[in-house]
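Welcome! Here is a short tour for anyone meeting this protein for the first time. Keep the picture in view as you read.

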Amino acid sequence: MIALETSLGNPVLNILIFAVFVVGTMAVVISVTRSGEKSAGQMYTGGAAFSGRQNGLAIAGDYLSAASFLGIVGAIAFYGYDGLLYSIGFLVAWLVALLLVAEPLRNTGRYTMADVLSFRMKNKPVRMAAAISTLVISFFYLLAQMAGAGGLVSLLLGLDGDLAQNAVIILVGMLMIVYVMIGGMKGTTWVQMIKAVLLILGAAVMSIWVLAIFGFNLSELFGRAVEVNNDPGNGLVAQAGDMLLPPMSKYGANPVGFISLAVALVFGTAGLPHVLMRFYTVPTAKEARRSVTWAIGLIGAFYLFTLILGFGAAAIIPGGQQAINELPGAANAAAPALAFYLPNGGLGGSIFLAIISGVAFATILAVVAGLTITASASFAHDIYNSVIKNGTADPAVEVKVARYTVMAIGALAIIGGIAAKSQNIAFLVALAFAVAASANLPSILFSLYWKRFNTRGSLASIYTGLASSLILIFFSPAVSGAETAMLPNADFAWFPFDNPAIVSVPLSFLVAILVTLTGKAEFPEKQQEMEVRSMTGAGAEGAIAH
């Protein structure tokens, strides 16, 4: 077996490309926001001035995180078709968002998810519950991105040791704060659009290159991937129990575990606060629906590319899976390593790797910026203005609170990212999706479509989904009792599945129904207003601040 280098490419070249991406995107942020009004509407929604196509690009940029590019490519390289299950789940999830959530959410809300959940409920308790859920989901999603940034960028820059990874995490956190403080939602949206174009183009170029090597024959590509990794303990056909598993074996013996993961992936997206907030950046419900259509096309194309890139990494990288596993970041290094070896290494490989690395870095910055602005909006708009100030806060003061919140969240994300840099990143992402599907989606759907739904049911659903998903994951094999767990030397797992969604999501729906039916219907006039607005858009234009 030919061993891979322990670092990839030329660190100096990588740093230069990173600097170009940072300076270029920062220039765009400053350019598009320097003449804009610093109002709450500008801060949270960019004035709701983006077209459906622009917002679709931004949604793709917000949704296609480093986990999508690096994690899924690595999962396919190591687990074959099992890794593709993540791509399928993430893509199918957008049908739920398109058919059930996007248009009525845009018609009913103003800045945040809590606007919808509290529209026809008792305002303060529901806003507080929705804000807590938003902050928890955003924080864990941020941890995944920040922790992943430390390992990835350290690998690409040739850095080694905890101190270097900590420095990278601090750098990403500071850049995240600067982007949001200067640009608000408008600047963040432009960064996400640029990043989406670069990421999809980069993946397309790599995919075409891989296919060209194998004469545009997928069967030959897949066969070569199996052949390269065909010896025991090295790859796609290893025996069960070995570190590296064959296609479909990860969930082949655990179909219930797969169903639980699928529930989280498919239903989690429609409950992710940073995704839902993007629907408020367009002027009409029609544009919200159009933006989701664009996002589905872009995201679907990207996930098709991940199949080619994953098998391409297993087939082309010298040494296959075992060699990838020896790199810092292991499976997460599959995509960068493929970029380096497509031109057969050397200067060409270093340049191509540097470009792909820059795209990955831009990916991290765009996603953490979107998460940060969502969390800051939730605290400033839902907690400070609506709960503490009873909706009477001065808009300028609310924007200041949002900016202070950005700095606080950035600091917490840096500290959390440093603490979690050696943890299982997939666990943190799965946690965010499981909590979103459990805590948010039942209340969103029932608020929009069930006339009888009331405040008691909403609160019970949010807090039950939040608590059950957190508790079940804590006592799952994702945290302890397995070699791949967060705490491999501990064993307090009694829940059998890595992902709790198969229990926590139905439980949240059931509790919402039972608690609602044991209470009284409330605010019928608000329910009627919400039904008309969500279905027709009447009155929605006045809800969005320009």
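## A serine to start with

In which helix does Ser-447 lie? It belongs to α18, the helix made of residues 425–449. Please keep in mind as you look that this is a predicted model.

Ser-447 counts as buried because its relative accessibility is 2%, and the cut-off for buried is under 20%. Its side chain reaches back to the backbone oxygen of Ser-443, at 2.6 Å. Leaving out residues up to four places away in sequence, Ser-447 touches Val-116, Leu-117, Arg-120, Met-121, Phe-453 and Met-530.

## The protein as a whole

Now let us step back. The secondary structure comes to 21 helices and 0 strands. Of the 546 residues in the protein, 60% are buried. Contacts across the sequence are well represented: when residues at least 6 apart in sequence are considered, 82% of their contacts join residues at least 24 apart.

## How confident is the prediction?

The average pLDDT of the protein is 80, and 85% of the residues score at least 70. Among the helices, α20 has the highest confidence, with a mean of 95, while α10 (residues 249–252) has the lowest, with a mean of 52.

Two stretches deserve some care when you look at them. Over residues 1–6 the pLDDT stays under 50, and the model gives this stretch 21 contacts beyond four places in sequence. Residues 542–546 also have a pLDDT below 50, with 16 contacts in the model beyond near neighbours in sequence.

## More of α18, and a neighbour in α19

Leu-441 is another residue to find in helix α18. Is Leu-441 buried or exposed? It counts as buried, because its relative accessibility is 1%. Leu-441 touches Phe-267, Ala-270 and Ala-436, with residues up to four places away in sequence not counted. Its C-alpha is 8.8 Å from that of Phe-509, although the two residues are 68 apart in sequence.

Ser-458 sits in helix α19, which covers residues 455–474. With a relative accessibility of 0%, Ser-458 counts as buried. Its contacts, again not counting residues up to four places away in sequence, are Val-126, Ser-443 and Phe-453. Two of these names appeared earlier: Ser-443 offers the backbone oxygen that the side chain of Ser-447 reaches, and Phe-453 is one of the residues that Ser-447 touches.

## The nonpolar core

Which residues have the most contacts inside the largest nonpolar core? They are Tyr-63, Phe-69, Trp-94, Phe-279 and Leu-338, in a core of 149 residues. Helix α8 gives the most to this core, with 19 residues.

Trp-94 is a good one to zoom in on. Not counting residues up to four places away in sequence, Trp-94 touches Ile-59, Tyr-63, Thr-269, Val-275, Phe-279, Val-292, Ile-296 and Ile-299.

## A glutamine in α8

Helix α8 also holds Gln-192, which counts as buried because its relative accessibility is 0%. Which side chain does the side chain of Gln-192 join in a polar contact of 2.9 Å? The partner is Arg-278.

Arg-278 is also among the residues in contact with Gln-192 once neighbours within four places in sequence are left aside; the others are Leu-57, Ala-58, Gly-61, Asp-62, Ala-366 and Gly-370. The C-alpha atoms of Gln-192 and Tyr-63 are separated by 9.4 Å, with their positions 129 residues apart along the chain.

## A helix with a kink

Helix α5 runs over residues 81–108, which makes 28 residues. From its first C-alpha to its last it reaches 40 Å, close to the 40 Å expected at 1.5 Å a residue. Where does the kink in α5 lie? Look at Val-101, shortly before the proline Pro-104, where the kink is about 50 degrees.

## Two unusual phenylalanines

To finish, here are two residues found in loops. Phe-216 has a positive phi of about 55 degrees although it is not a glycine. Its loop runs between α8 (162–213) and α9 (218–228), and Phe-216 counts as exposed because its relative accessibility is 56%.

Phe-523 is likewise not a glycine and has a positive phi, of about 50 degrees. The loop that holds Phe-523 lies between α20 (501–517) and α21 (524–536). At 32% relative accessibility, Phe-523 counts as partly exposed.

Conventions. Residues numbered from 1 in each chain as written. Heavy atoms only, no water. Helix = DSSP H or I, 4+ residues; strand = E, 2+ residues; numbered from the N terminus. Buried < 20%, exposed > 50% of the residue type's maximum accessible area, 1.4 Å probe, protein only. Polar contact = N/O pair within 3.5 Å; in protein donor to acceptor, adjacent residues only side chain to side chain. Contact = heavy atoms within 4.5 Å. Expected span 1.5 Å × (residues − 1). Bend = angle between axes of the 7 residues up to and from the residue. Core = buried A, V, L, I, M, F, W, Y, C linked by side-chain atoms within 4.5 Å. pLDDT = per-residue confidence, 0-100.
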